Amino acid sequence: MTSSPDLPTLPRTWRPFGPRMAAAVFAVILVGAFAWLWVNFDDQTKAAVNNLEKGTVAFFILLGLALLNALARSRVVAREDGLTVVNGYRTRRFAWSEVGTVRFPQGAPWPHLDLGDDERVSLLGIHASDGARAARAIRELRAVVAAHQG
């Protein structure tokens, strides 16, 4: 492997900061808003809500939390044996021989990995909203990919 100032030691994990913080804040707001509403209902309104309605609200709160968790758990992990990409609840593992070019087009929300044959994998673990942190992550990831492709 060649040495580069951007080459991190492995294993190395990249996670988006902004989307993880947004997910945490929105989760607190989601649960807090519904809890606040329930506490502030008068007794007559609380008595008028049946179990099916309570269950429906609980289902949608849990669905929202599951979607926010999927956003927050996204990551890219480089190890000696390959690259692992976690996008939401889907995990894909690639040997270094399968990994193609890492592209981050101008204006794109996140980079993607070209695998050849017109196949792309989004890398949600690196997010453009993180600014300089995302730029550093891309430099590091590209350095790791280049070191393993030689």
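1. A good place to start is Leu83. Leaving aside residues up to four places away in sequence, Leu83 touches Val76, Val77, Ala78, Arg92, Arg93, Phe94, Trp96, Val99, Leu113 and Leu141. Please keep in mind that this is a predicted model.

2. Leu83 also belongs to the largest nonpolar core, which has 19 residues; Trp14, Leu83, Leu113 and Leu141 are the members that touch the most others. Strand S2 (75–79), strand S3 (82–87) and helix H4 (132–149) are the elements that each give two or more residues to this core. H4 supplies the largest share, with six residues. As background, nonpolar side chains tend to be buried together in soluble globular proteins.

3. Leu113 leads on to a sheet, since you will find this residue in S6, opposite Val102. S5 and strand S6 (residues 112–116) pair in the antiparallel sense over two bridges. The whole sheet is open, with three strands in the order S5-S6-S7 and antiparallel pairing. Strand S5 (102–103) and strand S7 (119–122) are at the edges with a single partner strand each, so one side of each has no neighbour in the sheet.

4. Now for helix H3 (residues 51–72). How far should its 22 residues span at 1.5 Å a residue? The expected span is 32 Å, and the end C-alpha atoms are 31 Å apart, which agrees.

5. At the N-terminal end of H3, Asn50 acts as a cap: one of its side-chain oxygens lies 3.0 Å from the backbone nitrogen of Leu52. Further along H3, Ile61, Gly64, Leu68 and Ala70 are buried. The buried residues of H3 pack against helix H1 (17–40).

Definitions and conventions: Residues numbered from 1 in each chain as written. Predicted model: local features only at pLDDT ≥ 70, side-chain atom pairs only at ≥ 80, totals over all residues. Heavy atoms only, no water. Pairing = 2+ DSSP bridges. Helix = DSSP H or I, 4+ residues; strand = E, 2+ residues; numbered from the N terminus. Expected span 1.5 Å × (residues − 1). Buried < 20%, exposed > 50% of the residue type's maximum accessible area, 1.4 Å probe, protein only. Contact = heavy atoms within 4.5 Å. Polar contact = N/O pair within 3.5 Å; in protein donor to acceptor, adjacent residues only side chain to side chain. Core = buried A, V, L, I, M, F, W, Y, C linked by side-chain atoms within 4.5 Å.
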